[in-house]
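Biologist: I'm new to this one, so please pick a single small stretch and take me through it slowly. Show me how it sits in the whole as well.

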Amino acid sequence: MAAREIFAGMPWWVKWVAVPVIALVVFGGLIASVVGFLFGLLFKALIFVALVGGLIYVVRRFMSSTSSRGDW
């Protein structure tokens, strides 16, 4: 409750402009590195899913073509 009492006497621009700007300056590098890490992880996960899907497609296609040759 002490934070509310401190901010109660402050103008609106301190609460809604100055404090967020200070937080971005102080924690901006940390926020950027976390967001970059999450985007990199998402990109790697999508690449992994695409490669596994492609591998399954190729194996199924190869298996169906070899089984149809055996029917001769």
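Modeller: A helix here is a DSSP run of H or I with at least four residues, and the helices are numbered from the N terminus. Keep in mind that this is a predicted model. Let's look at where helix 1 gives way to the loop. Helix 1 covers residues 2-8, and Ala8 belongs to it. Gly9 lies in the loop between helix 1 and helix 2, and that second helix takes in residues 12-69.

Now, buried or exposed: which word fits Ala8? A residue counts as exposed when its relative accessible area is over 50%. Ala8 has 58%, so it is exposed. Gly9 comes out at 69%, so this loop residue counts as exposed too.

Next, some distances from this spot to places further along the chain. Pro20 is twelve residues away from Ala8 in the chain, and their C-alpha atoms are 16 Å apart. From Gly9 to Leu24 you go 15 residues in sequence, and the C-alpha to C-alpha distance is 23 Å.

Stepping back, the protein chain holds two helices and zero strands. Its radius of gyration is 28 Å, while the globule rule gives 11 Å for 72 residues, so the chain is more spread out than a compact globule. You can see that in the C-alpha trace, which spans about 90 × 20 × 20 Å along its principal axes. As for burial, 1% of the 72 residues count as buried. The chain exposes about 6,700 Å², and 78% of that comes from carbon and sulfur atoms. That's the setting for our two exposed residues, Ala8 and Gly9.

Conventions: Residues are numbered from 1 along each chain as its sequence is written. This is a predicted model: local features need pLDDT of at least 70, side-chain atom pairs count only at pLDDT 80 or more; totals for chains, interfaces and linings use all residues. Side-chain values use heavy atoms; hydrogens and water are left out. The radius of gyration is taken over C-alpha atoms; the globule rule is 2.2 Å times the number of residues to the power 0.38. Buried means under 20% relative accessible area, exposed over 50%, partly exposed in between (1.4 Å probe, protein chains only). Accessible areas come from the Shrake-Rupley method with a 1.4 Å probe; for residues, only the protein chains shown count as cover.
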